[in-house]
Amino acid sequence: MKLIICLLAGLLACAIPVSGDITVRISVKAVLNPATGARQPGVADANFENCVSEMNDMLQSFGRGYRFQWVGGALQNVGGLNQFNSGPSRYYDVDFVNDEDGDLLKDQFEANAIANPATYGWDASAVNIYIVRFGGANWNVCSFPGHQIILVNGVRGYTNSSTVLHEIGHYFNLSHTFNGRQNLNSNGTSCTNGCSCAQLIGGGNDAVPDTILDHDCWDSQNDIAVGNYGLAYASLNAGQTANVDNMWWNLMSYHGRQHVTDRFTPDQMDRWTDCANDDRGPVRNGRTRFVATTGNDLIGNGGSILRYKTLAKGTSVVNSSADVVLLRGGNYNEPMTISKALTLRATRGSATIGKP
Ligand SMILES: [Zn+2]
């Protein structure tokens, strides 16, 4: 992946590299224990600072120019003593996943926060993340487009950069890599006993083209290989091996149970970017304009599916210096002058500009 970062002002020459990143603002709240009025033990700014830094390292490795900005650089305390039935602290100890009314309470939490931004520390221009505590349970709660609030449970949740980036991945419309998977017995009937079925088939599909099937019961590269190709991992060709590895280390998988995950695929980043462009405008600056030599300037809209064809078109629609023109690898034979500030990035191979 070749990275081109230029701030161009009338010159077709790279000046001093500037940050050239699309900023995504995140606002993080520590919900206080209504019994003590304090944060839960271990919740500290320094721990989340480390988490932000690790998430930004991962984002940088994807080469798409996204970067988190932690609003205020500090966890914001919300709620307080004796708020058992009102205010943010009433949600401190809710089991949002297993309680019958967990979904309802999550929606209520979100609605209350939006309606009472001062009390809840709600920031309409940021991804709002609340650190709650439900003793011992290992869950975190996301929001897909249409909803907004993210809940991370306990110290284990908010200090784990892979977990927080996973939840933010949902926020940008990424499904689990095993979405829709089934557990079946060898006779094809449904297995209701977790991962102990005689046969685990029906790996799920997340509707992202470059991710293969995955299953939260598959707990090795070999399982993923057999589930997709009917072959042992050691027998795969290079392309198949890469596909399996992309699941094994994928942030939207549950393979974080086996090891640290740190990866989105290029198509996952396309889906993230379309969502950032269209659904999540308030939390970011700048947008991405997709350009590919196979695109079309007439019917293209600059999204990841209907890409523009020319650099000229991609740059003409830029209306913010924070915008990124994302070129797919290829030759853009366009001698041209760019006279506004923007960032050019190349993805899926090198892009050549201005050569016959
Ligand atoms: Zn998830």
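## Helix 6 and its surroundings

Helix 6 spans residues 221-229, and its buried residues are Gln221, Ile224, Ala225 and Gly227. This is a predicted model. The buried residues of helix 6 pack against helix 7, which covers 238-248. Just after helix 6 comes Gly230. The phi of Gly230 is positive, near 65°.

## Three domains

The domain assignment splits the protein chain into three parts. Domain 1 covers 22-171, domain 2 covers 176-260 and domain 3 covers 286-353. How many Å separate the centres of domain 2 and domain 3? The distance is 35 Å, taken over C-alpha atoms.

## The nonpolar cores

The largest nonpolar core holds 66 residues. Which of them touch the most other members? They are Val31, Val127, Ile131, Val325 and Leu327. Strand 1, residues 22-31, gives the most to this core: six residues. Domain 1 and domain 3 both give residues to this core, so it lies between them.

A second core is separate from this one and has nine residues. Among them are Leu213, Trp218, Ile224 and Ala225. Two of these names are familiar: Ile224 and Ala225 are also buried residues of helix 6.

Now look closely at Val31. Set aside its neighbours within four places in sequence. Val31 is then in contact with Val78, Gly79, Pro88, Ser89, Tyr91 and Tyr92. Its contacts also include Tyr130, Ile131 and Val132.

## A parallel sheet

Strands of a sheet pair through backbone hydrogen bonds, and the pairing can be parallel or antiparallel. Here, an open sheet of three strands has the order 7-8-9, with parallel pairing. Which strands are the edge strands? They are strand 7 (288-291) and strand 9 (343-353), each pairing on one side only. From one strand to the next, the twist averages 25°.

Strand 8 runs over residues 324-332. Strand 8 and strand 9 pair in the parallel sense over eight bridges. Within this pairing, Leu326 stands opposite Arg345 in strand 9.

## An exposed alanine

Ala124 is found in a loop. That loop lies between helix 3 (117-120) and strand 4 (127-132). Is Ala124 buried or exposed? Ala124 counts as exposed because it has 11 C-beta neighbours inside 10 Å, and the exposed class takes 12 or fewer.

Ala124 and Ser27 are 97 residues apart along the chain. Their C-alpha atoms are separated by 9.5 Å.

Conventions: Residues numbered from 1 in each chain as written. Predicted model: local features only at pLDDT ≥ 70, side-chain atom pairs only at ≥ 80, totals over all residues. Core = buried A, V, L, I, M, F, W, Y, C linked by C-beta atoms within 7 Å. Buried ≥ 20, exposed ≤ 12 C-beta atoms within 10 Å, placed from the backbone. Helix = DSSP H or I, 4+ residues; strand = E, 2+ residues; numbered from the N terminus. Domains from an automatic or database assignment. Contact = placed C-beta atoms within 7 Å. Pairing = 2+ DSSP bridges. Axes fitted to C-alpha atoms, helices over the stretch in contact; angles between N-to-C directions.
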